[in-house]
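Visitor: I would like to go through this model with you. Could we begin with how the chains meet?

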Amino acid sequence: MDSEKTLGVSGVEGLMNKAVAAAKEFQRAAGELPKVDKNGSSECPFAEELYAKAEKCREKCQGLQVQLHECLTLVQNEIDKCGHDLSVLSAQKDQLNRDRPRAHFSAAEARIASMYKKWIQLRDSLKRTIVDIDDMLQQTKDKRYPGGMPQEWPNTGRFHPRQAPSDSRESESTGADKEIDRLFDMDRDSRKDNHKEAQDTDDNGKQ
Amino acid sequence: MRRRQGAISRTEVSDTLEQHRDDAQEKTDQIEETVYDTETERQVLEGLELSGTAEGGEQVEMDIEQAQDASLSEFEAESGELEQIHAETQEFQEDMHERSDASSADVERVADGVNQLNRDSAKSQLERAKDSIQEDIDFLDDYERRGQEAREESERINEEQRSRIESARGS
């Protein structure tokens with residue numbers, strides 16, 4: 001997300017839809033991967049190409065997953081703002097002496113309450129999407145081409161000769177991978193807390 | 001004793017001014033509530049964090065501004081009613097002033113009469129009448145002054161309230 005000011009419900013929904021579509025594409029690509037041995041040999045002549053395609057899909061998914069996490073923070077900020085504004089408005093509305101200004105306060109209060117509910121629903125939906133994509137990425141974690149990701153020659157659609165296989169998982173991990181793994185770990189650790197927090201907020205929203 | 005047309009008793013004078021004061025005070029209290037509303041609206045506007053989204057923030061701000069407009073409209077209506085009360089108090093002052101002037105003329109006529117009389121008993125009666133008229137003049141002048149003070153004080157408070165309204169809307 002570029003900035004908090006540009007955050008909108010439709011923007012968040014758009015990002016979620018994009019991430020879900022990317023996840024489905026990756027799932028489909030991962031499901032079509034042929035078997036390869038640890039040297040990268042396969043009965044399928046397009047094995048390397050299919051793995052390369054799946055890796056691209058995975059990268060796209062991981063990138064969108066990072067954006068979803070950033071978005072979740074911004075959505076939570078919106079929820080906090082709405083909660084604050086709602087309590088300020090409700091408290092001050094009762095202090096007003098005249099009916100006409102109080103009616104406008106009631107309109108503002110209803111508007112904020114509606115936004116509050118919308119953001120909470122969106123946050124819950126966002127969390128579910130993140131968890132679903134996280135699960136899917138975890139399930140397909142081992143579906144990688146032995147010896148690292150195949151490289152495509154620029155503008156040819158053909159692939160670089162495969163590099164020597166390496167047993168070191170560490171060498172396969174890019175900075176982005178590490179960052180995403182860190183986020184996934186963080187998400188898994190906080191899922192329990194998030195679930196409880198969502199329940200608390202729902203309870204507040206209902207009130 | 002011949003009574004002047006439209007003569008008014010001291011009790012009526014006192015009650016009339018008291019009524020003006022009560023009416024002005026009641027209206028001032030109403031206006032104070034409206035000023036309080038405007039200040040509350042300002043505080044809310046400053047206290048809101050307002051969503052950064054196009055969906056809600058601006059609309060909520062507009063709702064509060066409309067509440068401010070409604071309070072300003074209430075204030076103007078109530079201030080108009082207060083000005084009407086002030087105008088009535090002004091009329092009361094003018095009435096007191098005219099009556100005082102008329103009585104002063106009476107005092108001069110009585111004084112002339114005293115000078116033309118020869119008998120002391122008659123002079124003494126007229127002197128008493130002159131003193132009585134002078135008491136009336138003092139009473140009328142006093143109530144003209146009280147009316148003016150009450151009106152000016154009420155106007156001053158209303159100006160302060162207007163200033164607070166403008167401050168709450170403008171700052």
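Guide: One convention is needed beforehand: axes are lines fitted to C-alpha atoms, for helices over the stretch in contact, and angles run from 0 to 180 degrees between N-to-C directions. Please note also that this is a predicted model.

Visitor: Understood. How do the axes of α3(A) and α2(B) cross?

Guide: They come within 8 Å and cross at roughly 175°. Angles over 145 degrees count as roughly antiparallel, so α3(A) is roughly antiparallel to α2(B).

Visitor: Which residues meet there?

Guide: From α3(A), the participants include R100(A), H104(A), F105(A), R111(A) and I112(A). Among their counterparts in α2(B) are Q59(B), D63(B), I64(B) and E74(B). By class, this helix contact has 9 nonpolar, 4 polar and 4 charged residues.

Visitor: And the chains as a whole, how many residues are in contact?

Guide: Chain A contributes 26 residues, in contact with 26 residues of chain B. On the chain A side, α3(A) provides the largest share, 9 residues. That side divides into 12 nonpolar, 6 polar and 8 charged residues.

Visitor: Changing topic: which residues touch the most other members of the largest nonpolar core?

Guide: Those are F26(A), C61(A), I112(A) and Y116(A), in a core of 40 residues. Helices α1, α2 and α3 of chain A and α2 of chain B each supply at least two of its residues. The largest share, 13 residues, comes from α2(A).

Visitor: What does F26(A) touch, leaving aside residues up to four places away in sequence?

Guide: F26(A) touches A54(A), C57(A), R58(A) and C61(A).

Visitor: Which residues does the second core include?

Guide: That separate core of 9 residues includes A24(B), I31(B), I85(B) and I165(B).

Key. Residues are numbered from 1 along each chain as its sequence is written. Chains are lettered from A and ligands numbered from 1 in the order in which they are written. This is a predicted model: local features need pLDDT of at least 70, side-chain atom pairs count only at pLDDT 80 or more; totals for chains, interfaces and linings use all residues. A nonpolar core is a set of buried Ala, Val, Leu, Ile, Met, Phe, Trp, Tyr and Cys residues joined through C-beta atoms within 7 Å. A residue is buried if 20 or more other C-beta atoms lie within 10 Å of its own, exposed if 12 or fewer, and partly exposed in between; C-beta atoms are placed from the backbone. Helices (H or I, at least four residues) and strands (E, at least two) are DSSP runs, numbered from the N terminus. Two residues are in contact if their C-beta atoms, placed from the backbone, lie within 7 Å. Ala, Val, Leu, Ile, Met, Phe, Trp, Tyr, Cys and Pro count as nonpolar, Asp, Glu, Lys and Arg as charged, and the others, Gly among them, as polar. Angles under 35 degrees count as roughly parallel, over 145 as roughly antiparallel, 65 to 115 as roughly perpendicular and the rest as oblique.
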